[in-house]
Amino acid sequence: MTEKIYATDAYATEMQAQVVRTDTDDNRVLLDRTVFYPGGGGQPHDLGALSVGEDRLDVVRVTEDSDGVWHWLDGSLPSAGMTVDGQIDWDRRYKLMRTHTALHALCGVIWNRFQSPVTGGNMGPGEGRLDFDLPDWTADEIPVVEAALNEELARRRDIEVSFLPRDAADKDPSLIRTKVNLIPASVEEIRVIDIVGLDRQADGGTHVASTSEVGGIKITKIESKGKGFRRIRLSLDEE
């Protein structure tokens with residue numbers, strides 16, 4: 001299995017690793033360790049490059065399977081056993097981290113106000129959306145929720161990462177609304193992201209260390225997705 005540096009240190013941008021295996025059909029390599037997030041939970045995979053000496057190979061896709069984390073390359077594959085240097089596109093990753101944390105904060109705000117769990121979501125650098133079961137939602141709620149979200153982000157809440165045994169996570173009442181039971185039974189350790197005092201979820205993605213790093217947020221659109229279901233879209237306020 002690949003050592004997932006991103007799971008414990010989201011601010012690590014570089015690594016040195018060894019090629020464990022190559023797949024010439026898909027032009028990808030399996031590494032023994034990586035800072036590249038392979039995607040999941042609505043967060044896209046990282047982009048960047050692997051370097052072998054003077055040769056730079058763009059990483060165009062990253063995936064994970066039972067063997068570990070695979071890196072899809074644009075260029076000739078290094079051989080198994082070779083050492084490579086990797087570097088992610090940090091500007092893109094950091095924007096994704098800020099966006100991901102903003103979405104978790106939105107989950108906390110919606111839960112506190114409506115006790116409604118999130119039912120789905122997706123994001124790109126600087127923008128994202130979450131789906132909620134909100135039968136009593138009205139347009140008057142938009143500025144109220146936006147103001148509450150920005151107030152929570154401005155509180156400089158710490159974001160903590162922890163790992164729980166599967167049995168403990170299944171029994172943790174604070175994780176019930178994040179549907180830990182939907183995580184495959186083969187996953188024996190659950191990674192938990194805690195925006196202290198606001199939101200706590202089982203999550204594999206990357207986040208900033210404090211809500212103060214997110215900055216301001218705009219709710220850009222609310223869509224009806226069927227009876228009682230609402231899709232809330234937000235973006236980072238970079239103005």
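In strand E13 (residues 199-202), Asp199 and Gln201 point one way while Arg200 and Ala202 point the other way, and all are buried, where buried means under 20% relative accessible area with a 1.4 Å probe and protein chains only. In a regular strand the side chains alternate between the two faces of the sheet. Strands here are DSSP runs of type E with at least two residues and helices are runs of type H or I with at least four, numbered from the N terminus.

This is a predicted model, in which local features need pLDDT of at least 70, side-chain atom pairs count only at pLDDT 80 or more, and totals for chains, interfaces and linings use all residues. Residues are numbered from 1 along each chain as its sequence is written, and side-chain values use heavy atoms, leaving out hydrogens and water.

Two strands count as paired if DSSP finds at least two bridges between them, and two such pairs are set out below.

| Strands | Sense and bridges | Residues standing opposite |
|---|---|---|
| E12 (residues 189-195) and E13 | antiparallel, four bridges | Asp194 and Arg200 |
| E10 (residues 127-133) and E15 (residues 229-237) | antiparallel, seven bridges | Asp133 and Phe229 |

The hairpin of E12 and E13 has three residues between the strands, and in it Gly197 takes a positive phi near 85°.

An open sheet of four strands, with antiparallel pairing, follows the order E9-E10-E15-E14. Its edge strands, each pairing on one side only, are E9 (118-124) and E14 (216-224). Helix H2 (residues 90-114) lies across E9, E10, E14 and E15 and runs at about 20° to E10, with contact meaning heavy atoms within 4.5 Å and angles running from 0 to 180 degrees between N-to-C directions of axes fitted to C-alpha atoms, for helices over the stretch in contact.

Methods:
Buried < 20%, exposed > 50% of the residue type's maximum accessible area, 1.4 Å probe, protein only.
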